Amino acid sequence: KKDVSVYKASEEDLFKSLTGFHRRVASGDYQAMIRHQGKQHCLGTYKLACDAAMAYDGALKILKGSRGINFVTTQEHIDMLEKEMRST
């Protein structure tokens with residue numbers, strides 16, 4: 001089956017500022033991915049979009065530095081996680 005990014009309207013609004021993941025339609029999980037040296041690398045699947053975005057941030061910091069990460073501070077991650085938990 002093909003993975004396609006499909007979100008409910010409220011999820012789309014909540015996650016539109018986050019990068020580095022997509023929703024796997026069949027399972028409903030979020031798959032974190034990063035492109036490095038022309039290749040796409042899977043970073044794992046997560047129940048929450050915020051956790052997938054955090055995995056992307058960790059890989060991005062290691063591979064390319066802090067430019068372009070989703071969460072600059074831990075508090076930003078916590079705030080988004082709380083919003084996500086309320087929306088589910």
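At 62% relative accessibility, Lys47 counts as exposed, where exposed means over 50% relative accessible area, buried under 20% and partly exposed in between, with a 1.4 Å probe and protein chains only. This is a predicted model, in which local features need pLDDT of at least 70 and side-chain atom pairs count only at pLDDT 80 or more, while totals for chains, interfaces and linings use all residues. Residues are numbered from 1 along each chain as its sequence is written, and side-chain values use heavy atoms, with hydrogens and water left out.

Lys47 forms a salt bridge with Asp29, and the closest N and O atoms are 3.2 Å apart; the term stands for a side-chain nitrogen of Lys or Arg within 4 Å of a carboxyl oxygen of Asp or Glu. Because Asp29 lies in the loop between strand 1 (21–23) and strand 2, and Lys47 in the loop between strand 3 and helix 2 (49–64), the pair ties together parts that are 18 residues apart in sequence. Helices (H or I, at least four residues) and strands (E, at least two) are DSSP runs numbered from the N terminus. Asp29 is buried, with a relative accessible area of 14%. The structure holds one salt bridge.

Next comes the sheet. Its three strands form an open sheet in the order 1-2-3 with antiparallel pairing, two strands being paired if DSSP finds at least two bridges between them. Strand 1 and strand 3 stand at the edges with a single partner strand each, so one side of each is left without a neighbour in the sheet. On average, neighbouring strands of this sheet are turned by 30° against each other, direction ignored; axes here are lines fitted to C-alpha atoms, for helices over the stretch in contact, and angles run from 0 to 180 degrees between N-to-C directions. Helix 2 packs on the sheet and touches strand 1, strand 2 and strand 3, and its direction makes about 15° with that of strand 2; contact means heavy atoms within 4.5 Å.

Strand 1 and strand 2 run antiparallel and are joined by three bridges. Phe21 has Ala32 in strand 2 as its bridge partner. The structure also holds one aromatic pair. Phe21 and Tyr30 form this pair, edge-to-face at 5.7 Å centre to centre and 75° between the planes; rings of Phe, Tyr and Trp (its six-membered ring) pair if their centres lie within 6.5 Å, with planes under 30 degrees apart counted as stacked, over 60 as edge-to-face and the rest as tilted. Both Phe21 and Tyr30 are buried.
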